[in-house]
Amino acid sequence: MPHTAPTRPTVGTALRLTYRAFARDLARRLAPHGVTLLMWFVLRELWKRDGLSQSEIAAATDRQASAIVSVVRSLQDAGLVRVTRSAKDGRRSVVRLTRAGRRLEPVLTAHGRRLSQTAQRGFGAAEKRTLMDMLARLRRNIGSNGET
């Protein structure tokens, strides 16, 4: 059997592996608070703008609406959100943070900040800027279908 030299992962694989490492670590940090990773994504959107509809949350988190329905239900069961009818349009439901949901913001966002700091340990300021610029360029390239 011929020996093949190990290859470096593709950019997509490297990004996926990096995201999975972030996701695993963040999920571990959130678990003692009874919050899953998907719950975290929903809460982050509500901390930015409370009173979103479930379809707005799905769009903002790039998730299927059906996944958001069950997450919102879990957040309700945990006492972190409530779902009410919109005062402007009674046909529309909105998701609002409860007091307990608002109180979690500084606690949980601190976990996210610490994870980001851990991941960037040993990076200089210029390297951090370069990394963020390169990631933004990857997103722009993909946004234009990566066509050259």
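Here a biologist and a modeller chat about a predicted model of one chain.

Biologist: How many helices and strands does the chain have, and in what order do the elements run?
Modeller: The secondary structure comes to 6 helices and 2 strands. Starting at the N terminus, four helices are followed by the two strands, and two helices close the run. Written out, the order is α-α-α-α-β-β-α-α.

Biologist: Is the chain spread out or a compact globule, and what is its radius of gyration?
Modeller: For 148 residues, the globule rule gives 15 Å. The chain comes out well over that, so it is more spread out than a compact globule. Along its principal axes, the C-alpha trace spans about 65 × 40 × 35 Å. The radius of gyration itself is 19 Å.

Biologist: What share of the 148 residues is buried?
Modeller: To count as buried, a residue has to be under 20% relative accessible area. As for the outside, the accessible surface is about 10,500 Å², with 54% of it belonging to carbon and sulfur atoms. The buried share of the chain is 27%.

Biologist: How far apart are the centres of the positive and negative side chains?
Modeller: Let's start with the head count: the chain carries 28 positive and 11 negative side chains. Take the centre of each set, and the distance between the two is 4 Å.

Biologist: Which residue meets D25 in a salt bridge at 2.4 Å, N to O?
Modeller: Look in helix α1, residues 11–30. The partner sits 4 residues from D25, about one turn of the helix. Both side chains belong to buried residues, and the one meeting D25 at 2.4 Å is R29.

Biologist: Which residues do shared salt-bridge partners join into one network?
Modeller: The structure holds 5 salt bridges, including one between R49 and E56 at 3.6 Å, N to O. E56 there is partly exposed, with a relative accessible area of 29%. The network joined through shared partners is made up of D25, R28 and R29.

Biologist: In the salt bridge of E45 with K48, how far apart are the closest N and O atoms?
Modeller: Both residues lie in helix α2, residues 37–48, and they are 3 residues apart, about one turn of the helix. Side chains of opposite charge can pair when their charged atoms come close. For E45 and K48, the closest N and O atoms are separated by 3.1 Å.

Biologist: And which of that pair, E45 or K48, counts as exposed?
Modeller: Exposed takes over 50% relative accessible area. E45 has 14%, so it is buried. At 56%, the exposed one is K48.

Terms used. Residues are numbered from 1 along each chain as its sequence is written. This is a predicted model: local features need pLDDT of at least 70, side-chain atom pairs count only at pLDDT 80 or more; totals for chains, interfaces and linings use all residues. Side-chain values use heavy atoms; hydrogens and water are left out. The radius of gyration is taken over C-alpha atoms; the globule rule is 2.2 Å times the number of residues to the power 0.38. Buried means under 20% relative accessible area, exposed over 50%, partly exposed in between (1.4 Å probe, protein chains only). Accessible areas come from the Shrake-Rupley method with a 1.4 Å probe; for residues, only the protein chains shown count as cover. Lys and Arg count as positive and Asp and Glu as negative; His and the chain ends are not counted. The place of a charge is taken as NZ of Lys, CZ of Arg, CG of Asp or CD of Glu. A salt bridge is a side-chain nitrogen of Lys or Arg within 4 Å of a carboxyl oxygen of Asp or Glu.
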